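Open the model in your viewer and keep the selection panel at hand. The tour goes from an enclosed space to an open one, then to the surface.

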Amino acid sequence: MIHPDPTLFGHDPWWLILAKSLAIFAFLMLSVLSAILIERKLLGRMQMRFGPNRVGPKGLLQSLVDGVKLALKEGLVPAGVDKFVYLAAPVISAVPAFIAFAVIPMGGEVSIFGHRTALQLTDMPVAVLYILAATSIGVYGIVLAGWASGSTYPLLGGIRSSAQVISYEIAMALSFVAVFIYAGSMSTSGIVAAQYGTWFIFLLLPSFLVYVISMVGETNRAPFDLPEAEGELVGGFHTEYSSIKFAMFMLAEYVNMTTVSALATTMFLGGWHAPWPINMWDGANTGWWPLLWFVAKVWGFMFLFFWLRATLPRMRYDQFMALGWKVLIPFSLAWIMIVATARALRNEGFSQVTTTLASLGAIATLLVAVALWRALRRRNVRAIPRQKLDPEIFPTPPLPSSMGQTATKEPADA
């Protein structure tokens, strides 16, 4: 079993750093093109219809053609917008989505042209906090897009997005605290190394559940896509955007989906470690094989995004905010207390702590599932008593003669 040596980071030659940067960029771009196509095909099959099947063999070139079409469309700038902020907002939204992937470990040590290097661009003692900071910057692009458009509906979408990200960013960060306590590190490669043998999804199942809910809210995906709810806000924060500017918002959304999926893999599914029973093979976690396991886990979470969009209706905004503030955050705080106590007992030499922690995690997960179910079923709108209408204030028009009344005949025009 080979784990990346922390001293390897920062000592690669410049050409190797550039090659890994380009490889990460290419991986994310190909993931976006593939995700759009696969999502449309899966949604079609789940809803008993055909997905894209015209452009290319079985529709495989549909995403590429859509991207070219958006790039070649005329870019319109509405009158009355703050032009600089309006044009900068898509860039601000897209760039942080890419830079957050710099500290994600995609594999162990490999040899590239005789140089030993890790399949990770870089790492740092607070790598997870770096990812949270980078993904949080992306919301500025959404807020500024809504504000700079000079229109009501985009502004409401931007305000919604800021409130949404603040709420679910707290729950997401709290779900990581238990991982930090148990792994003893905030370095992404250190967290992956701490999961050798037992993944944190089994020990910290409640944290995993909170993170999965938070990552869907963080990326503005259905059923939590309230900032762009077309039934209420036309198109949300990007209503006034077209051409390549709209494409950049779409790009940022799908890259963020890939990033949070990779982070979930790193924090809870053992990172690039091979799953059981493949890990019984001695060479499963060496060489380039870990890259395959990592990509497979990431796409498992991507399928979860597609599945949720195909099956769940959009939530009401007050339900969505109540879920974050009244359920996820208090539950995460209580779970952190349990994990901290278990960790302290383990340091004192108690051997049954791991089994107890897993049992408590299963019970807590069941309790939060029941709480979520009850929260979604609760009616938050009070019933308004029916009142009798005053006929003097609300006059009733005369009924036609067939109903027993004689309609008043208006004089014919001359």
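For the class counts used below, Ala, Val, Leu, Ile, Met, Phe, Trp, Tyr, Cys and Pro are nonpolar, Asp, Glu, Lys and Arg are charged, and the others, Gly among them, are polar. The model on screen is predicted.

**Stop 1: the cavity**

Select Ile131, Leu132, Thr135, Met172, Glu218, Thr259, Val260 and Leu263, which line the largest cavity. By class, this lining holds 5 nonpolar residues, 2 polar residues and 1 charged residue. The space inside the cavity is about 30 Å³, and the count of cavities of 30 Å³ or more is 1. Colour by helix next: H4 and H10 each give at least two residues to the cavity lining.

**Stop 2: the pocket**

Keep H10 in view and move to the largest pocket, whose volume is about 1200 Å³. Which residues lie nearest the centre of the largest pocket? Select Phe249, Met250, Leu251, Glu253 and Tyr254; these are the ones, out of a lining of 46 residues.

Now show helix H1 (14-46), helix H2 (62-72), helix H4 (127-148) and helix H10 (243-268), each of which supplies at least two residues of the pocket lining. H10 provides the largest share, with 12 residues. Coloured by class, the pocket lining shows 23 nonpolar, 13 charged and 10 polar residues.

**Stop 3: the nonpolar patch**

Stay with H1 and H2 and switch to a surface view. Select Leu30, Leu33, Leu60, Leu61, Leu64, Val65, Val68 and Leu72: together they make a nonpolar surface patch with about 750 Å² of accessible area. Both H1 and H2 supply at least two of the patch residues, and the largest share, 4 residues, is from H2.

Pick out Leu64, which sits in helix H2. Is Leu64 buried or exposed? Neither label applies: its relative accessible area is 49%, so Leu64 is partly exposed, given that buried means under 20% and exposed means over 50%.

**Stop 4: Ala334 and Ala364**

Go to helix H12 (residues 317-347) and select Ala334 there. Its relative accessibility is 43%, and Ala334 therefore counts as partly exposed. Add Ala364 to the selection and draw a C-alpha to C-alpha distance: Ala334 and Ala364 are 9.7 Å apart in space. In sequence, 30 residues separate Ala334 from Ala364.

Terms used
Residues numbered from 1 in each chain as written. Predicted model: local features only at pLDDT ≥ 70, side-chain atom pairs only at ≥ 80, totals over all residues. Heavy atoms only, no water. 1 Å grid on protein atoms, 1.4 Å probe; cavity = no way out; pocket = protein on both sides within 12 Å on 5 of 7 lines; lining within 4 Å. Points joined across faces, edges and corners; volume = space filled by probe spheres on them. Patch = residues over 30% accessible without salt bridge, like charges linked within 9 Å, V, L, I, M, F, W, Y side chains within 5 Å. Areas by Shrake-Rupley, 256 points an atom, 1.4 Å probe, with all protein chains shown as cover. Salt bridge = Lys/Arg side-chain N within 4 Å of Asp/Glu carboxyl O. Buried < 20%, exposed > 50% of the residue type's maximum accessible area, 1.4 Å probe, protein only.
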